[in-house]
Amino acid sequence: MGKRKAKSKPPPKKRMDKLDTVFSCPFCNHGTSVECRIDMKNLIGEASCRICQESFSTTVTDTANG
């Protein structure tokens with residue numbers, strides 16, 4: 001009779017690095033003036049500049065589970 005194969009543990013999942021939430025504005029080039037907010041409840045991401053009042057919003061997807 002042969003030995004049973006030992007069941008190996010699955011490799012640990014890689015953690016995603018945290019993304020920056022403050023950037024320099026591509027329109028007015030003012031440093032650290034763009035704030036980013038992600039609303040996972042409503043699936044909306046928004047980036048807005050405090051200096052030149054430019055803003056951008058888009059829908060977001062949950063890629064952490066995929």
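This passage walks through the strands, salt bridges, cysteines, backbone outliers and surface patch of a predicted model.

The fold can be read from its sheet. Four strands make up an open sheet in the order β1-β2-β3-β4, and the pairing is antiparallel. At the edges stand β1 and β4, each with a single partner strand, so each has one side without a neighbour in the sheet. At one edge, β1 (22–23) is joined to β2 by two bridges, the two strands running antiparallel. V22 takes part in this pairing, with E35 as its bridge partner in β2. At the other edge, β3 and β4 also run antiparallel, and here five bridges hold the pair together. Within that pair, A47 has F56 of β4 as its bridge partner. As for cover, β4 lies largely in the open, because the number of buried residues among its five is zero.

E35 turns up again in the charged side chains. The model has three salt bridges, and they link E35, R37, E46 and R50 into a network. Starting from the R50 end, R50 and E35 meet with an N to O distance of 2.9 Å. R50 sits in the loop between β3 and β4 (55–59) while E35 belongs to strand β2, so this contact ties together parts that are 15 residues apart in sequence. E35 also forms a salt bridge with R37, where the closest N and O atoms are 3.7 Å apart. R37 in turn reaches E46, with 3.4 Å between the closest N and O atoms. That gives a chain of contacts running from R50 through E35 and R37 to E46.

How exposed are the members of this network? E35 is partly exposed, its relative accessible area being 30%. E46 also counts as partly exposed, at 32% relative accessibility. For R37 the relative accessible area is 41%, so this residue is partly exposed. R50, at 45% relative accessibility, is again partly exposed. None of these values falls under the 20% that would make a residue buried.

The cysteines are worth a careful look. A search of the whole structure turns up zero disulfides. C28 is accordingly in no disulfide, and the nearest cysteine sulfur, which belongs to C25, is 3.6 Å away. C52 tells a similar story: the closest cysteine sulfur is in C49, and at 3.6 Å it is too far for a bond. The cut-off that matters here is 2.5 Å between sulfur atoms. On the accessibility side, C28 counts as partly exposed at 31%, and C52 is partly exposed as well, with a relative accessible area of 29%.

Next come the backbone angles. Most residues other than glycine have a negative phi. Against that background, T32 stands out with a positive phi near 50 degrees. T32 is found in the loop between β1 and β2 (34–39), and at 52% relative accessibility T32 counts as exposed, since the threshold is over 50%. L43 also has a positive phi, about 55 degrees, although L43 is not a glycine. This residue is in the loop between β2 and β3 (44–49). Its relative accessibility of 38% makes L43 partly exposed. A further positive phi, near 65 degrees, belongs to Q53 in the hairpin of β3 and β4, which has five residues between the strands.

L43 also features on the surface. Together with I38 and M40, L43 forms a nonpolar patch of about 290 Å² of accessible area. I38 lies in strand β2, and with a relative accessible area of 62%, I38 is exposed. L43 contributes to this patch from the loop between β2 and β3, where L43 is partly exposed. The patch thus includes a residue of strand β2 and a residue of the loop that comes between β2 and β3.

Key:
Residues numbered from 1 in each chain as written. Predicted model: local features only at pLDDT ≥ 70, side-chain atom pairs only at ≥ 80, totals over all residues. Heavy atoms only, no water. Buried < 20%, exposed > 50% of the residue type's maximum accessible area, 1.4 Å probe, protein only. Salt bridge = Lys/Arg side-chain N within 4 Å of Asp/Glu carboxyl O. Pairing = 2+ DSSP bridges. Patch = residues over 30% accessible without salt bridge, like charges linked within 9 Å, V, L, I, M, F, W, Y side chains within 5 Å. Areas by Shrake-Rupley, 256 points an atom, 1.4 Å probe, with all protein chains shown as cover.
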